[in-house]
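Here is a short tour of one protein model, taken site by site. Have the sequence and the coordinates open as you read.

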Amino acid sequence: MRVRVLGAAAGGGLPQWNCCCSVCRLARTDPQRVIPRTQSSIAVSIDGEQWALINCAPEILAQLQREPALQPKGHDRHTPIQSVLVTNGDVDHVAGLLSLRERSPFRLHATPEIHGVLRDNPIFNVLAADCVKRCDMALDSRIELLPGLMATVFAVPGKTALYLEGDQVDIGGEGESTVGVEFELDGQRLYYIPGCATVTPRLAQRLDGAATLLFDGTLWRDDEMILAGVGQKTGQRMGHMSMSGDDGSMKALSDVAIYRRIFIHINNTNPVLIEDSPERREAEGAGWEIAFDGMEITS
Ligand code: MLT
Ligand code: MN
Ligand code: ZN
């Protein structure tokens with residue numbers, strides 16, 4: 001199975017258009033030390049001919065422009081993209097769907113709840129119903145995402161999308177609003193979980209024995225955006241667990257047998273994005289890789 005990271009950053013991208021935090025500044029002035037990254041999406045394939053997108057970022061057109069394998073072949077209209085699966089309703093994961101209009105057929109997979117969110121936003125009707133087939137994914141049931149590639153979505157602790165928040169926000173709830181994806185091929189399992197509020201014992205058990213994990217790397221520490229002076233929210237309030245510390249993902253997953261572990265969906269305030277930072281060294285010392293746009297993973 002081949003995975004291509006199209007965008008490794010969290011919502012906002014890196015650098016974020018209006019952000020002067022130290023990481024965004026470095027991404028503008030010293031792109032060797034902080035490599036710019038686009039928003040959250042991966043592409044998966046078995047044969048390199050047929051592809052599925054998992055999440056569809058606002059930068060999808062630029063991401064496709066960088067990836068010859070994902071570009072049309074032949075003389076008129078064509079796309080190697082057979083299907084698109086979205087893991088929640090966040091802007092960074094769905095806004096790119098608007099750029100996939102133009103009448104090429106593909107399947108759009110999501111939970112019934114997330115399909116409901118898309119249906120409630122009529123702008124997504126630009127995806128013509130006679131071309132784009134919206135397929136409900138029930139939690140914990142396998143589908144054939146591409147010929148021969150099985151995928152299962154499962155609930156992970158999360159939060160509804162920011163633009164859907166009401167007065168009461170359920171943080172850390174498990175349901176159809178935030179899912180992880182399990183891919184299985186020849187007995188090997190690969191997981192993609194770009195948003196996760198906590199590693200439950202059930203999740204740790206599921207990940208045990210995985211070949212590859214791509215996991216929520218939004219923040220290094222929970223109060224990082226407050227300390228950087230760019231926001232009032234903690235990671236927990238945003239439905240994202242941090243990498244470091246006693247409550248962090250590195251510790252929670254340290255005893256889980258996973259062959260290759262990679263952080264993805266990394267927020268622009270996260271110092272792990274600085275190539276020579278102590279945080280980068282600590283994460284790498286704990287066996288984690290930091291995803292970048294164009295990263296290729298073969299599993
Ligand atoms: C998130 O992952 O928390 C969201 O993408 C935040 C946002 O909407 O910018
Ligand atoms: Mn996001
Ligand atoms: Zn920033």
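## The zinc site

C19 and C21 are both buried. In this predicted model, the two cysteines belong to the zinc site: C19 (SG), C21 (SG), C24 (SG) and N268 (OD1) coordinate the zinc ion (ligand 3) at 2.2 to 2.3 Å. Along the chain, these donors are spaced as C-x1-C-x2-C-x243-N.

What is the geometry of the site? It is tetrahedral, with angles of 98 to 118° among the four donor atoms. As a reference point, the ideal angle for four tetrahedral donors is 109.5 degrees.

## The manganese site

Turn next to the manganese ion (ligand 2), whose protein donors are D92 (OD) and H265 (NE2), 2.2 Å from the metal. These two residues bring together distant parts of the chain, 173 residues apart: D92 sits in helix 3, while H265 lies in the loop between strand 12 and helix 8 (278-285). D92 and H265 are both buried.

## The nonpolar core

The largest nonpolar core has 36 residues, and the members touching the most others are I193, L207, L213 and F215. Two or more residues each come from helix 1 (22-29), helix 5 (201-207), and strands 10 (188-193), 11 (210-216), 12 (258-264) and 13 (288-290). Helix 1 gives the largest share, four residues.

## A patch on the surface

Finally, look at the outside, where V91, Y163 and L164 form a nonpolar surface patch of about 270 Å². V91 is part of helix 3 (residues 91-94), the helix that also holds the manganese donor D92.

Technical notes:
Residues numbered from 1 in each chain as written. Chains lettered and ligands numbered in written order. Predicted model: local features only at pLDDT ≥ 70, side-chain atom pairs only at ≥ 80, totals over all residues. Heavy atoms only, no water. Donors = N, O, S within 2.8 Å, 3.2 Å for Na, K, Ca; no water. Tetrahedral: all angles 85-135°; square planar, octahedral: opposite > 155°, others 65-115°. Buried < 20%, exposed > 50% of the residue type's maximum accessible area, 1.4 Å probe, protein only. Patch = residues over 30% accessible without salt bridge, like charges linked within 9 Å, V, L, I, M, F, W, Y side chains within 5 Å. Areas by Shrake-Rupley, 256 points an atom, 1.4 Å probe, with all protein chains shown as cover. Salt bridge = Lys/Arg side-chain N within 4 Å of Asp/Glu carboxyl O. Core = buried A, V, L, I, M, F, W, Y, C linked by side-chain atoms within 4.5 Å.
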